[in-house]
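Reader: I'm new to this one and would like a close look at a single part. Could you pick the second largest pocket and tell me what lines it?

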Amino acid sequence: MISRQRWVSAGLMILGLSLVLSLASSANAEDWPQFRGPTGLGYSSGRELPTVWGGRDKKNVLWAAPLIGEGHASPIVWKDRVFVCTVRWPESVPDRTKVIPEHHVLCYSATDGKRLWDTQVPPGPWLRSDFRSGPGGGYAAPTPAADERHVFCVFGSAVIAALNHDGAIVWRKEIKPYTFDVTIGSSPILFGDAVLMLCAMTRSEDSRLIAFNKKDGSTAWQTPLPHASFAHSTPVLIHVGGKLQLIVAASGMAESAEGVQSFDPASGKRLWWCKGAGEAASPAYGSGIIYCDSGRGGAGIAVDPTGAGDVTRTNIKWRQERLSEGIGSPIIVDGLVYRLQAPNVLKCWRAADGKPVYTERLTGLTTSWASPVADAAGRLYCASAGKSYVLQAGADFRVLAVNDLGDPNHASPAVANGRIYLLGTRMLHCIGKK
């Protein structure tokens, strides 16, 4: 007979093993719940992602599902579902500048691409006429965000809404005033019980950070940004010294004295700020620095985020001058900063001091707007539903594969459970090893 002590020990061992297996399963089942993934910085924990896809035999293309409408909001993944935001003008509309399109939130099965539901969100008040932003005229530019209960979406008509996972609208709020530049490009991010939204306007007096309550859309807190100019960037949450900071880059087309700022995401209290630029591209964080530039050209900076107050003279570690346009966001991998810029040039610098490592052209790359993704195997995916590059991260420029799905769009990839989801102008594509 087994003694009670040995029985308890065996039970604890089994319980421990079950816990380890459960955690391992959870670690492998990575969601991609917002713009640039779980961290908001473009990192995937996956190691088994395919590097080659497409071609005549549609290698590693698991499925492709037709879209309703169009847009360049990036897809997101929660468990076994993929969510996409698009807009659609009926064929009877002769002039798109005079009619706000339908706002669609689409839900697909991650398993086979079957469309599970399509919900139309009533548009907001902003009728736009400047369609430089790409597919959907910029009405469907912000990437949605999801948690275990809701999907939160923002559209360019100045509206934010929450839907449950069955597609029912839980709440809807209009964003007023709406003196955004061209369109709304910033995506919502989630923190605790709040949906955080950067509303950086052409009128600085209208600029603000808003924390919406997830439950009902009421305002939890609001912080004016009187020294921030317009921006389409998405803030990032980073851990510094055991505490969270919300990094905001918003300066319009040029550097400003408070172009880069840090806030407490729980209260909206400002922690530090410095001279810098932020407009189209979102910040990167890694190797102890924040790197950001406007995405419209000009200068980029690396900032040590451990300061307080005005850290312009104390915490800016290095600068890059005379950068060209790069709408997509930078990424930091293993001590190296990667920055994709027009015309399809990938620059690599050392994070420690900004010293150049290489500058190489990605010939034929469809878009430099899509933000790169790095996996845990040290590979860098400059990927879209058009012509894409997969590179080995490191000091040597090494191309692993060049792929093309022939469905070009600006959307950034989503990565979950060993699969890559790429949004085209016509289809949502799922890439995975066959």
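Author: By class, that lining has eleven nonpolar, six polar and one charged residues (nonpolar means Ala, Val, Leu, Ile, Met, Phe, Trp, Tyr, Cys or Pro; charged means Asp, Glu, Lys or Arg; the others, Gly included, are polar). Keep in mind that this is a predicted model, where local features need pLDDT of at least 70, side-chain atom pairs need 80 or more, and totals for chains, interfaces and linings use all residues. Numbering runs from 1 along each chain as its sequence is written, and side-chain values use heavy atoms, without hydrogens or water.

The second largest pocket holds about 230 Å³ of space (a pocket is an open set of 1 Å grid points where a 1.4 Å probe fits, with protein on both sides within 12 Å along at least five of seven lines; lining residues have an atom within 4 Å of a point). It is lined by 18 residues, and Gln34, Pro38, Thr39, Leu237 and Ile238 sit closest to its centre. Two strands, β10 (189-191) and β14 (236-240), each supply at least two lining residues (strands are DSSP runs of E, at least two residues). The biggest share comes from β14, with four residues.

For comparison, the largest pocket has about 560 Å³ of space. Its lining counts 29 residues, with His72, His232, Ala280, Ile327 and Trp369 closest to the centre. Here the split is nine nonpolar, 16 polar and four charged.

How far does the predictor trust all this? Mean pLDDT (its confidence per residue, 0 to 100) is 93, and 93% of residues reach 70 or more. Over residues 1-28, though, pLDDT stays under 50. Where pLDDT is low, predicted coordinates shouldn't be read in detail.

Technical notes
pLDDT is the predictor's confidence in each residue, from 0 to 100. Contact means heavy atoms within 4.5 Å. Grid points are joined across faces, edges and corners, and a volume is the space filled by probe spheres set on the points.
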